[in-house]
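Got your viewer open and a selection tool ready? Let's take a walk through this one, stop by stop.

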Amino acid sequence: MEDKLQELVVELLGDGAMEYFIGYRQGFEPSHVVPCFVTDQSEADRLIWGPLCLQNLSKYVLQARDLDGKVGLLVKGCDARAIVELVKQHQIERDRVVVVGVPCEGQVDPRKLEQVLGVPMEQVIDVEDAGDEFLVTVGSEVRKIGKEQVLRDKCFFCKHPASFDYDYTLGEVQPFTIDGDSEEYDAVEKLEGLPLEERRAFWQKQFERCIRCNACREVCYGCYCKECIFDRTAPRWLDRPPLLRENEMYHLIRAVHLAGRCIDCGECERVCPVNIPLGRLYKKLQKDIAELFDYEAGMEYDTVPPLVDFELDDQDPFL
Amino acid sequence: MASESSDEGGNGYEPKILVFACNWCSYAGADLAGVSRLQMPANCRIIRVMCSARVRPEFVVTALSKGLDGVLVLGCHPGDCHYSEGNYFTRRRGLLLKNLLQFVGIEPERFQVRWVSASEGAKFADTVEQVTEQIRALGPNRPRSGNQSAEPGDR
Amino acid sequence: MDRQKISKADLGRWLDTIAGKYELIGPTEDEDIIQFGPVQSSAELTLDYANSLIPPKSLFFPPVESLFAFRKRGKEIQLEETKPLQQDRVIFGIRNCDVGSLSLLDRVFCDDLEDSYYRERRERTTLIALACPTPPRSSCFCTTFGIDPLSPAGSDILLTDVGDVYLVDAVTDKGEKLVALGEDLFVSLTEGEEKELQPPPVDMPQLDVGGLRERLETLWEDEYWDKLSLPCLGCGICTYVCPTCHCFDISDVGSTADGVRYRCWDSCMYNDFALMVSGVNPRPSKRERTRNRYFHKFSTFPSRYGTGYACVGCARCLVHCPGGVEITEVIKDISAKEGVSDR
Amino acid sequence: MPKTRVGVFVCHCGNNIGGVVRVPEVVEYARTLPNVACVEDNLYMCSEEGLSSIREQIAEHGLNRVVVASCTPRTHEPLFREACEEAGLNKYLFEFVNIREHCSWVHMHDPVMATEKAKELVRMGVAKARFLEPQEEFESSVFPAALVIGGGVAGMTAALGLANQGIQVHLVEREQELGGLIRGVRTLFPTGQASEEVLHPLAEQVRSHRQITVHLGSEVEDAGGFIGDFDVAVKADGQVNNLKVGAVIVATGAEELKPTGLYRYSELGNVVTQLEFEERFKGGADVPRNVVIINCVGARIAERTYCGRFCCTTAIKNAVWLKERDPEAGVFVLHRDVMAYGVQIEEFYRRAMELGVRFVRYDPENPPQILGTDGVDAVRVQHQLMGKEIVLPADLVVLTTPLVARDDNARLSKLLKVPLGGEGFFLEAHLKLRPVEFSTDGVYVCGSARYPANIPESVSQAYASAAKASIPIREGVVRAEAITALCDERTCSACGNCVEVCPFGAVELQEGSFGRTAQVNPAQCKGCGCCVAACPSGAMQQSGFNDRQLLSMIGALAEEMTGGVGE
């Protein structure tokens with residue numbers, strides 16, 4: 001599949017069909033995959049694809065808006081929904097992006113993999129998708145690990161493994177099975193089920209850790225505001241010091257802003273250097289929005305986002 | 001940060017509650033309560049907005065974060081909005097925000113939305129009474145790391 | 001003091017003795033994150049770590065600290081200065097890259113413009129460095145910048161794991177005082193042991209940084225920065241995990257009557273970092289900001305303070321950058337740049 | 001930029017505020033607030049003395065923001081804004097703080113808390129005032145025509161009131177005939193004049209007036225727009241007629257309560273309401289001899305607490321009519337109290353007694369009983385004064401019921417965006433100060449649509465509403481309050497949320513000097529602020545209610561500096 005991808009990129013760059021292509025490459029060590037910007041045909045051989053290609057690259061199309069030509073992008077099924085939302089939210093025109101879909105059969109959560117293997121990721125040389133399991137090379141040994149042990153949480157409940165509205169595709173998704181009896185909203189419901197005090201304690205502990213590096217915001221496709229409300233000085237919504245209450249405000253307000261736009265790509269949680277389980281916050285909103293307003297982000301170009309829409313008979317608990 | 005009245009829990013604790021009231025219905029309802037001399041607890045402070053849909057959720061989060069004990073958003077009854085549709089947005093935002101705040105452990109009583117029309121002076125008074133008592137029963141909105149007590153560093 | 005040893009079993013007892021007299025700080029693990037934090041007893045420490053996520057610079061230059069509280073009563077304003085430390089403290093387990101970063105930060109905070117908060121913390125802290133495990137992580141490159149992961153330079157005591165025991169090098173008075181606290185636990189090495197108990201040599205990739213600064217300084221207008229900044233997301237992770245970054249912001253939080261003046265970390269990667277009141281931003285795009293970061297590390301800082309490069313090879317930014325901007329690649333790329341004549 | 005200088009003016013409102021809130025304490029407190037340059041109090045801030053003190057202080061202290069802490073902006077804001085303007089200060093640099101309706105009147109027994117609250121409200125007001133900005137009002141033209149809904153006495157009078165000033169009027173009447181409720185009334189009290197004598201000339205004037213277009217058998221199907229520019233769809237016989245008008249008068253009247261279930265009404269043929277009585281015996285033939293009239297039927301009860309106001313008079317009128325045509329008739333009026341207010345009606349009441357009408361007070365706890373099987377034979381009532389039960393022979397029982405709001409009011413209230421009160425009648429902007437206007441500009445009310453009104457009342461209200469409605473039409477332009485939304489195109493990222501939520505289609509994404517951004521058409525914007533709350537970045541703001549102003553109020557309440565330290 002990598003060959004096919006590289007050939008396609010060489011061709012598209014050669015035709016002038018796009019100015020550059022955004023995919024993945026290996027970083028400083030084999031298990032470290034980073035975004036790769038291919039501006040020249042000669043660099044196309046750096047492109048890779050595999051279960052460690054975690055990033056949602058959609059955010060990068062925003063900075064390509066000033067280009068004269070198009071930008072090409074490798075998207076997994078989940079990430080494709082960000083493109084839909086960006087088009088819907090008037091941030092890009094669909095025909096300015098060359099969407100290359102890639103069949104994804106699940107991504108690896110490096111933290112889970114480290115635990116299962118008992119060795120740090122730096123010793124992992126390769127991870128290959130093999131249907132219901134991953135083939136993981138550690139040193140000279142190849143180990144088979146069931147997907148259910150090491151999949152990213154979001155992949156368990158993947159509803160959209162196939163690319164969505166692509167210009168080119170690298171293949172079809174092969175069906176695969178995952179054992180396990182967890183449900184999509186388990187983590188959210190577990191928290192919902194706790195007494196209020198415990199929920200509070202849980203989140204306070206999370207928010208307290210936040211160093212406000214803004215990585216969750218910067219990586220998020222939906223955070224495309226020219227000037228973030230948190231960066232405004234008149235008025236100043238948020239004090240700069242990362243005190244607990246400021247951090248809590250930051251995360252709650254961000255959640256409110258992303259409500260109905262979050263496509264659950266999981267980037268915020270993945271990049272958080274202090275492991276705040278932001279996914280749970282966003283999953284909660286996703287759950288409520290589905291239940292209350294019957295809406296899922298990123299699925300269609302022509303639906304109205306739920307918080308700028310209403311029904312006359314919306315639930316009304318407010319007396 | 002805390003005023004004398006909201007310093008401590010227990011006896012003598014007086015919650016401080018921020019109320020947003022839409023100009024056309026709820027603010028008028030509050031005026032009517034006044035004209036009718038309906039007596040109520042003195043814990044609410046009204047900010048007048050033209051429509052309840054002007055109340056951005058950030059205001060609610062900010063107010064609670066800054067230590068106010070509760071936020072009450074009042075609007076026209078659904079269907080009666082002066083601008084036809086505003087309070088429908090208030091309703092959706094309110095639903096979601098209420099759930100979100102509860103999810104992170106903020107008592108649901110601290111953020112409430114109610115519909116009060118221009119003729120419902122009595123309902124306004126009752127609402128103020130109820131919400132005040134509910135929040136009084138909860139006690140002070142525990143500050144998230146007060147200014148002086150912040151323990152910086154040690155990360 | 002001569003090189004001594006302490007058995008692994010006794011290390012905890014010594015640290016607990018220290019904890020009775022000092023504030024003891026060391027590596028702990030919580031939510032899968034290694035961080036340096038205060039502990040009551042050695043049992044709370046973890047020894048299974050490569051390095052902390054947030055560098056221990058945070059113990060001297062905290063992510064957020066109150067400088068003073070102010071209170072206004074009528075026309076009168078009272079100030080209450082914050083005491084940086086309640087107690088003398090000991091940091092156990094610091095790695096040599098981070099020890100190296102402190103000597104760079106000392107220049108920033110203690111040279112001509114002294115920062116009393118930093119200085120007090122520095123003076124009242126004893127550092128027990130722990131030599132790095134072998135082999136080092138594949139990302140580490142501290143030796144590139146002349147840091148020896150097995151040297152006691154810069155710390156008060158160096159502990160080196162050589163199997164059942166730690167070798168102990170107390171190299172300062174402060175260090176010797178600590179050793180004295182656990183006197184009977186420490187045994188001097190025999191001559192045989194001196195030779196025998198040696199950590200294996202560190203094998204680490206070494207980058208060529210000779211002439212890096214000179215070459216970099218010719219690249220101010222180079223297109224390289226455009227391409228390099230493409231994957232940068234503009235978050236502050238690289239600067240927050242960097243042991244040598246030291247930019248901060250000061251702001252007042254509180255009411256008009258009561259409040260606190262805080263200092264907190266800031267990041268040159270933020271788009272509003274250099275924004276001026278007039279609305280002018282001298283570093284308007286990621287290109288300028290990325291360039292600034294590397295210029296600062298490899299040119300501005302060395303020229304301002306007459307030191308080596310402001311990088312200690314800890315590799316934190318390399319590992320944690322969500323965009324995959326790799327400082328090692330930058331060093332290689334700059335060194336490989338051709339066709340630009342030296343100034 | 002000149003330094004912000006806020007003047008705070010605290011009103012005692014006689015004893016209304018000063019009797020509860022310790023005004024001197026509030027005044028002293030206000031002096032300590034940031035940017036406050038002067039603080040004054042006055043017994044009545046709205047008096048000429050109070051207003052001139054505002055004007056003088058503006059000049060003396062170079063005030064560039066004014067805060068008045070007194071009653072409600074809903075009635076008094078224009079007055080204080082005008083005072084500011086007269087002193088050369090843009091009226092949008094004025095902020096109102098309500099310490100009467102929202103404070104002294106509702107915390108009468110707690111002066112300590114009320115005073116604390118007043119101080120905080122003033123603090124919030126000052127905080128907002130610091131960030132107020134001068135505004136220019138947007139002018140729009142007024143379509144020179146008016147719509148009057150309802151062709152009764154009130155509607156016809158209002159239509160004539162406008163038409164006689166040369167204003168084009170559309171009069172919409174649901175029935176096929178003009179006249180409304182009065183068409184079913186035989187005579188009018190206290191003169192006893194036949195209703196036709198009033199109705200026919202009035203209807204004729206309306207019909208023949210060249211400025212009035214009468215739409216009979218018509219109903220308002222849909223309405224939209226705003227003062228100066230309403231679009232109204234009027235439906236008749238399935239045909240929709242679209243009208244454009246600048247003002248609307250609601251004169252839809254009310255209807256008589258049909259007291260089903262009370263006093264065996266609708267069970268017995270000879271138990272009727274007053275209007276049915278007048279209709280049935282219009283010609284004066286076959287009038288029964290013994291008539292018992294029961295008042296307060298379905299009024300002043302738990303589910304309908306109000307007094308119908310002229311039901312008593314109606315009962316007296318018909319009792320007198322019965323007695324005058326047959327002095328031997330037995331006419332009893334069973335009542336709870338007799339409301340015969342004013343000189344003429346009191347006189348009329350006395351005349352009824354002189355004619356031999358017997359007034360018997362009954363106890364609502366023990367109401368009169370209708371006796372008889374196929375029809376009424378007699379009425380048994382506990383005579384409160386005599387303290388014993390009496391049985392009155394009756395050939396006919398007439399029930400006096402109040403007027404009730406029309407069911408259709410709810411629909412019309414939504415279309416016109418005007419409120420209804422608790423009993424379903426239309427609710428005016430202010431009982432005393434704006435009795436024929438709604439809060440919604442350009443819509444007015446008169447007659448029994450508001451509350452049961454007799455003919456003199458309906459007529460005077462109709463004149464009043466016509467006078468009010470003619471103001472914008474004759475001026476030809478209205479100035480919209482400058483509270484519209486405004487997009488900062490520099491920071492707008494064109495997400496389009498504002499476009500989606502705007503109820504008026506006033507926001508569009510358009511190419512401008514900063515690329516594609518949201519842009520607001522001030523002529524269409526009604527200043528609700530929906531779009532502002534929907535804007536994640538804060539690029540969209542509302543004049544007079546911007547984030548900075550509101551956030552500074554929240555901050556002031558929480559005693560924080562949010563909103564920035566004063567400039």
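Which residues of α7(D) are buried? Keep that in mind while you select residues 195-208 of chain D, the stretch that makes up helix α7. One thing to know before zooming in: this is a predicted model.

**Stop 1: a helix in chain D**

With α7(D) selected, you have 14 residues in front of you. From first C-alpha to last, α7(D) reaches 20 Å, close to the 20 Å expected at 1.5 Å a residue. Now colour D:Leu199, D:Leu202 and D:Val206: these are buried. Turn the view to look down the axis of α7(D), and you'll see that its buried residues fall within an arc of 80°, so they line one face of the helix.

What do those buried residues pack against? Add α6 (153-163), β7 (168-172) and β10 (212-215) of chain D to the selection, and you have the partners. Then swing round to the face of α7(D) that is turned away from the buried side, where D:Glu197, D:Pro201, D:Glu204 and D:Ser208 are exposed.

**Stop 2: strands and turns**

Move along chain D and select residues 218-226 (strand β11) together with residues 229-236 (strand β12). These two strands run antiparallel, and 8 bridges join them. To find one pairing by eye, pick D:Glu219 and look across to D:Lys235, its bridge partner in β12(D). The hairpin of β11(D) and β12(D) has 2 residues between the strands, and D:Gly228 there takes a positive phi near 90°.

Next, extend the selection to residues 239-245, which are strand β13 of chain D. How many bridges join β12(D) to β13(D)? There are 7, and again the strands run antiparallel. D:Ala233 is a handy marker here, standing opposite D:Asn242 in β13(D). Between β12(D) and β13(D) is a hairpin with 2 residues between the strands, and in its turn D:Asp237 has a positive phi of about 50°.

While the strands are on screen, here's something to look for: in a regular strand the side chains alternate between the two faces of the sheet.

**Stop 3: zoom out to all of chain D**

Show chain D as a cartoon. Its C-alpha trace spans about 90 × 60 × 40 Å along the principal axes, and there are 15 helices and 30 strands to pick out. Of its 567 residues, 52% are buried. Among contacts in chain D with a separation of 6 or more, 69% link residues 24 or more positions apart.

Try colouring by domain. The domain assignment gives domain 1 (1-136), domain 2 (145-254 + 405-478) and domain 3 (256-403). The centres of domain 2 and domain 3 of chain D, taken over C-alpha atoms, are separated by 32 Å. Where these two touch, 11 residues of domain 2 of chain D are in contact with 17 residues of domain 3 of chain D. The domain 2 side of that meeting divides into 5 nonpolar, 4 polar and 2 charged residues.

**Stop 4: where chain D meets chain B**

Bring chain B into view alongside chain D. Here 48 residues of chain D are in contact with 45 residues of chain B. On the chain D side, select α4 (100-104), α5 (111-129), α14 (530-534) and α15 (547-557), each supplying at least two residues. The largest share, 7 residues, comes from α5(D). By type, this side of chain D divides into 24 nonpolar, 12 polar and 12 charged residues.

**Stop 5: chain B and its other partner**

Hide chain D and trace chain B along its sequence: the pattern is β-α-β-α-β-α-β-α, which comes to 4 helices and 4 strands. Buried residues make up 68% of the 155 residues in chain B.

Now show chain A as well. Here 28 residues of chain B are in contact with 31 residues of chain A. Which element of chain B gives the most to this side? Select α3 (86-103) of chain B: α3(B) gives 12 residues. The chain B side divides into 14 nonpolar, 6 polar and 8 charged residues.

**Last stop: a cysteine in chain A**

Finish by centring on A:Cys223, in the loop between α9 (215-219) and α10 (244-258) of chain A. Is A:Cys223 buried or exposed? A:Cys223 is buried, because 22 other C-beta atoms lie within 10 Å. Leaving aside neighbours within four places in sequence, A:Cys223 is in contact with A:Arg217, A:Glu218 and A:Cys228. Pick A:Leu258 too: its C-alpha atom is separated by 8.1 Å from that of A:Cys223, though the two are 35 residues apart along the chain.

Note on methods
Residues numbered from 1 in each chain as written. Chains lettered and ligands numbered in written order. Predicted model: local features only at pLDDT ≥ 70, side-chain atom pairs only at ≥ 80, totals over all residues. Pairing = 2+ DSSP bridges. Expected span 1.5 Å × (residues − 1). Buried ≥ 20, exposed ≤ 12 C-beta atoms within 10 Å, placed from the backbone. Arc of directions from axis to C-beta. Contact = placed C-beta atoms within 7 Å. Nonpolar A, V, L, I, M, F, W, Y, C, P; charged D, E, K, R; others polar. Domains from an automatic or database assignment.
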